[in-house]
Amino acid sequence: MVQFCGLLTLQREPVPLKSISVSVSIYEFVAGVSATLNYENQEEVPLETVFVFPMDEDSAVYSFEALVDGTKIVAELQDKMKARTNYKNAVSQGHQAFLLEEDSSSRDVFSCNVGNLQPGSKAAVTLKYVQELPLETDGALRFVLPAVLNPRYKFSGSPKDSCLDVKTPIVPVEELPYTLSMVATIDSQYGIEKVQSNCPLSPTEYLGENKTSAQVSLAAGHKFDRDVELLIYYSEVHIPSVVLEMGMPKVKPGTWMKLETIILSKLTQEQRTKHRMFSLRGRLMGDPTAMVSFYPNIPEDEPSNTCREFVFLMDRSGSMQSPMNSQDRSQLRIQAAKETLILLLKSLPIGCYFNIYGFGSSYEAYFPESVKYTQQTMEEALWRVKLMQADLGGTEILAPLQDIYKRPSIPGHPLQLFIFTDGEVTDTFSVIKEVGINRQKHRCFSFGIGEGASTSLIKGIARASGGTSEFITGKDRMQSKALRTLKRSLQPVVQNVSLSWHLPPRLSAEMLSPEQTVIFRGQRLIIYAQLTGKMPAAETTGEVCLKYTLQGKAFEDKVTFPLQPKPDANLTIHRLAAKSLLQTKDMGLRETPASDKKDALNLSLESGVISSFTAFIAINKELNKPVQGPLAHRNIPRPIVLGASAPLKLRCKAAVPMAARYSRPAFPPIMEAMSVEDNMAYHKGDYRFCGLMTHKDHHSPASVEDHLVQLIYHQNANGSWDLNEDLAKVLDMSLEEITSAHPAELVDSSGWATILAVIWLHGNGKDFKCEWELLERKAMAWMRVHAGSTMPLVVKAAITFLKSSVDPAIFTY
């Protein structure tokens, strides 16, 4: 079933949550966030309120406090079960109590309980967290303030203690009774070029010289119809750097390094990991901690000759029928997914194997097992993609994953798994655990589609397998991010990754981050380490070096940094390091192995960073008014947006079991429901039937993007194009014109068509080059074999015929 958080009405009751104000402080690659929920009880009875809200799973929540009628109450981080018991007891005894906890099934959903809010009383509840900022391809740092909490699909075996079980009312955006305000201050020694957002902002105000500091804020009247996203562009983002932070002054730094070195030298790798967790207790927050940022300069090279197996796991649940964003005529998620899947199929290399799965409440595979990539198998898969719809009910991803993993590996073809989903599941930790168990046999590349996709699921499965994750929101093109990821999966394997430190005597570095085994081109690495021993005098420097080999060549990146730790009252780097450690140990209340639970709990309590095993609780014992009967209960409403507004019939209906069809029937079953026009369109290959252009007006002149989709669709598996009416439409010419200009003495018709297609891509599709580079690479390889020594003459004839300014040199690499 789909968990809609109740879908209850407000019954005209006053809502105690009046506003949410957020303060964001961004320094270089890290964001510190302080979010305050302002409550006021305007009723005549004491209230207990519950607010369920999303948060990025990489956030390290470390502080929770309340200001009640001028009295400040600071929360304590406790074992979750103990905190829940203490909260209930406090409320029943007439005390005012506040409880903040992470959902038991996912790291990216939190609930805030306010108990015994007296009539006329006001309370400001503030939580603070820190997080790393991911780096986009264009060099932008991306900060997201989650506002969209999509309903999470719940299956029969889902746990019953999730905060998503709270019967939260859902109302239209315009009826939401509370407001959101946000102010962001940005500081960078490199200079701030610009700040962009998917939401209206006030004009950027530069506060420092040389644009090293800036402030922006949400424009008045912001609606909760999307996540708030900031893209921050610095003058330099690819320079390696080290930030060294001083530990807590009241915690004595470790002086045991010599003994520790002797102990570690006698342990296995697994024993070292366990010992490290034990030895960190009591000193994690005391010693200086370093955050090392590398942007490895991995050279761009031809893809590895190693063939691969590609499996594409596509979400076909009802929520995929929702639009990509809240704008009018926004493309539906399922349509964007179909375009992307076609582009990926066309871009696969010769010699690979592939399969496609669709999943919802049930799942189906296109082929009984992965098949070799040929013209025939590609065409069969494309035909199935044409018919793909968001018609499989709920979102149950675990079963198809298990089916994929149980199939035998193809020798010499390592598995690359691509998962596309809007991420609305409640068994997140079970899915991540399954991916982690099978990490030795595959890499998983995950894509979160639309606002509200579960960051816990999308990031978690990529991290567990050494892959990467991407989020497609707003006006992002799924195709460009998917092709970037496909290029990564084809990269030669980076080997012998190591990190070495060069420090003064009696000072050592201990890694806190998991060992790095995978590096992708264009990816930033952030590594945490703790420095232990005697800190040197001022003006002393240290050096850290990242080394790796690629196709037999050795590479290294170095960065020198001052060994003078800087104080930070919030202990930002220490908290982020603790979060990094927690993500390797904490797999939820039910999925975490018993051997790791104690370590995760102790790490959480020592660092002050919340986890699945802990919760923040604050009790105002000064308020001791006996409760007369049960407290009135108020659940804070959430807006209906995007995924939550998908048609209920689509989202809630049980999926009809569908047996996988492995061969193309003479007449697709869907034909019976087609109009005469659509029936004809299907046989002609019309893209309106494919669902690839239904977000555009197909009566208007075709755009470059439309032509690009058509050109991609008609490329053959070997990289060539056929000379036919389809190509003529893309070139805006008649087939007769193209045929009459064909230099038949130099090349056959397919060779002529392929040269024309490649020239069109360079001349008209520059803005989408990242999406067709692999297609062009296949075409070029085919042409070099097919045309041979005549290719320069064919290229010259094609450029003259198309009256193109494209440089012929593009055909010489």
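**Exercise 1. Determine where Phe 561 lies, whether it is buried or exposed, and which residues it touches.**

Phe 561 is placed in strand 32, where strands (E, at least two residues) and helices (H or I, at least four residues) are DSSP runs numbered from the N terminus. The model is a predicted one, in which local features need pLDDT of at least 70 and side-chain atom pairs count only at pLDDT 80 or more, while totals for chains, interfaces and linings use all residues. Residues are numbered from 1 along each chain as its sequence is written, and side-chain values use heavy atoms, with hydrogens and water left out.

Turning to accessibility, Phe 561 has a relative accessible area of 3% and is buried; buried means under 20%, exposed over 50%, and partly exposed in between, with a 1.4 Å probe and protein chains only. For its contacts (heavy atoms within 4.5 Å), residues up to four places away in sequence are not counted, and Phe 561 then touches Val 242, Leu 244, Trp 501, Leu 503, Thr 540, Thr 541, Gly 542, Glu 543 and Val 544. As a last step, consider Val 243, which is 318 residues from Phe 561 in sequence and yet 8.1 Å from it in space, C-alpha to C-alpha.

**Exercise 2. Find the loops that hold Arg 506 and Gln 551, and give the sign of phi in each residue.**

As background, most residues other than glycine have a negative phi. Arg 506, in the loop between strand 28 (494-502) and strand 29 (507-511), has a positive phi near 65°, and with a relative accessible area of 65% it is exposed. Gln 551, in the loop between strand 31 (541-550) and strand 32 (553-562), also is not a glycine and has a positive phi of about 50°; its relative accessible area is 46%, and Gln 551 is partly exposed.

**Exercise 3. Explain why strand 26 is described as largely enclosed, and identify how strand 25 joins it.**

Begin with the count: 8 of the 8 residues of strand 26 (residues 442-449) are buried, so the strand is largely enclosed by the rest of the structure. Next, sort the side chains by direction: His 442, Cys 444, Ser 446 and Gly 448 point one way, whereas Arg 443, Phe 445, Phe 447 and Ile 449 point the other way, and all are buried. Finally, strand 25 (residues 415-421) runs parallel to strand 26 and is joined to it by 7 bridges, pairing being assigned if DSSP finds at least two bridges between two strands. Ile 419 has Ser 446 as its bridge partner in strand 26.

**Exercise 4. Work out the strand order of the open sheet of 8 strands, and state which strands stand at its edges.**

The order is 6-5-10-3-2-14-17-16, with mixed pairing. Strand 6 (71-74) and strand 16 (205-206) stand at the edges, each with a single partner strand, so one side of each is left without a neighbour in the sheet. Within the sheet, strand 5 (residues 60-68) and strand 10 (residues 122-132) pair in the antiparallel sense over 8 bridges, and Val 61 stands opposite Tyr 129 in strand 10. Helix 10 (residues 572-585) packs on this sheet, touching strand 3 (30-40), strand 5 and strand 10, and its direction makes about 75° with that of strand 10; such angles run from 0 to 180 degrees between N-to-C directions, the axes being lines fitted to C-alpha atoms, for helices over the stretch in contact.
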